[in-house]
Amino acid sequence: MLVKRSNNRLDVLAVIIVLVVFSLVTRLGYLQVVQGKYYGGLADGNRIRLIPVMAPRGLFYDRNGVLMVSNRPGFTVSLLPITGPVPDDVIQKLANILSIHPNEIYNKLNQHSGSFEPIRVKGDIGPDIVTKIEERKNELPGVVIEIQPIRNYVNNELGAHVFGYVSEINDVELEKRKSEGYKSGDVIGKFGLEKVYDKSLRGRDGGGQVEVDVTGRPVQILGKKDPAPGNNLVLTIDSRIQKATEIAVDEQLKFLQTKTEYINAKAAAAVVINPKTGEILAMVSRPTFNPNFFAGGISTKEWKLLNENPHHPMDNKVISGEYPPGSTFKIITGAAALELGKVTPEEKILDTGYHWIIPKGNAMGEALGWINFREALSKSDNVYFYEMGNRLGIDNLEKYARMFGMGVVTGIELPGESEGLVANRRYKEKVYQEDWYLSETFDAAIGQGFQLATPLQMAVVMSEIANGGHRYRPYLVSKVMSPSGEVIQTFGPESTGKIQLSDKTLSLIRESLREVAVEGGTAGELFSNFPIDIAGKTGTAENPHGSDHGWFVCYGPYADPSIAIAVIVEQGGFGASSAVPIAKKIMEAAFNINQAAESDKAAKIYKPHTAL
């Protein structure tokens, strides 16, 4: 009986053992056959990493083939999570070496949760940081050094507001652009042409399949795909004129700040355009910034200096700065008065220093006596143009201002362009709930009061006078080219309107503007002996917050214009003394005045061309 019971117990135990073994074999088979790929992937994830290689961004060339924006190799610190979360002590040590807050690293890790790809922590580190990390590599498992292309703005601040800058994509941008193929860690254009042409400039990232050891360090390359560089841009900018314009603006601001009354002249803008095409040859805004600071990650200190500067160095004042156009607006007032028959070229108006209806007068009470249109425009007489405003009325002034393209964006491809403001009844009624007064028409007629314009808008106005009335959309890029040199896209002159003025009116305005730049004109002191004939108009814009702003707009050569210029100097005082010197230096560079003998000046006139 006992023997039988023992045998039964052994049978039960044997069955249990068989069932356990069967379960283990079945589970093993399931893991190997059914889930083999899944667990194999996890194993490879602990051993194999996909290391992306950033594509070099496309290059920027000026119109003559001069390289202005390129790329350079730089060291980037990245983290490779090995088998789990990166230890806190590793994050703390790395943060100390990089002189950043540990939270910056934690934030990046959270953004890449569950990824086997390297997480870029800081770009463009110096050799000293590389050395420190290599010396302590055993304490920093998962920390690797990559070589990535870093954006290089060849001449630092030169052209900063045209080129813009690049930086790592943020969470808000990523959320908007995920569907376009953007991913966390991407470096994208944030401003200027870098932003506008980002998709074309980016290229296609490459990468490698790399086997790593237990510390995350690469030991073997298993596969590789080379990155494809982005497309290149050929700009309308002439680097020689761009540099001359920047130097001229900087020197003039420095000079003005030595004068007690102009010590706050710390901001300015200048733009040079081909009036026959709309090509931008130079664009300068001051103060400025160095876009290279952003390429490797701008420091908190550097960003604070830029962000807290009261003169806003990140603003492109050429397209976003809105200023009363001052006496430069008299070009439009004069055109309207002549075209509508409110005055004849020969009629003389008595300037006693003040207008006889409303006692508004000239600067410092100057009285010019009996003057005609030509004298009034060349000497910038306020009283004469107050009377033109009186005869025209605000509605006609508005009509002609809009005909010249005021009050709307010019259409340049840069983001952030302002519309300016054309003085009109509707605006005042809407904003202030008040009626329009004659004194405000007087102000509008000389570019004060509600009138606002950007420097680019005034350059376009001057171009319209220079080229016979055609308005062209300003543009900065002439070609998009592949890395191999194939032309992918071209851009050229694009007409956006035409001012309806008779040849007689245009001729008289041109002749009057020519007299501005000869002896007796408001710009004659500097331009009377200039070897190239030019036409221009000075302006002074009232500023309730400090000294007046100085304007100068001009074009040349007078007979066959190839460039038009607009300059404004914030708190620089009279345009004749603050803005004209800048324009003269730009003209000298454009026409090679300093390099050419005056006897041979005609052969040296600058003619825009594209070498690429």
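**Note on helix α19 and the five-stranded sheet**

1. In this predicted model, the cover over the buried residues of α19 includes four helices: α14 (330-339), α16 (382-392), α17 (394-403) and α18 (425-432).

2. Helix α19 spans residues 438-445, and 6 of its 8 residues are buried, so the helix is largely enclosed by the rest of the structure. With buried taken as under 20% relative accessible area, the residues concerned are Glu 440, Thr 441, Phe 442, Asp 443, Ala 444 and Ala 445.

3. The backbone just beyond α19 also deserves attention. Gly 447, which comes just after the helix, adopts a positive phi of about 75°.

4. Elsewhere, 5 strands make up an open sheet with antiparallel pairing, arranged in the order β12-β11-β21-β20-β19. Its edges are formed by β12 (280-286) and β19 (535-541), each of which pairs on one side only. From one strand to the next, the twist averages 5°. In general, the strands of a sheet pair through backbone hydrogen bonds, in either a parallel or an antiparallel sense.

5. Within this sheet, β20 (residues 549-556) and β21 (residues 563-570) are joined by 7 bridges in the antiparallel sense. As for the register, Tyr 555 is positioned opposite Ala 564 of β21.

6. A helix also packs on this part of the sheet: α21 (residues 503-516) lies across β19 and β20. The direction of α21 is at about 70° to that of β19, the latter being one of the edge strands.

Terms used. Residues are numbered from 1 along each chain as its sequence is written. This is a predicted model: local features need pLDDT of at least 70, side-chain atom pairs count only at pLDDT 80 or more; totals for chains, interfaces and linings use all residues. Side-chain values use heavy atoms; hydrogens and water are left out. Buried means under 20% relative accessible area, exposed over 50%, partly exposed in between (1.4 Å probe, protein chains only). Helices (H or I, at least four residues) and strands (E, at least two) are DSSP runs, numbered from the N terminus. Contact means heavy atoms within 4.5 Å. Two strands pair if DSSP finds at least two bridges between them. Axes are lines fitted to C-alpha atoms, for helices over the stretch in contact, and angles run from 0 to 180 degrees between N-to-C directions.
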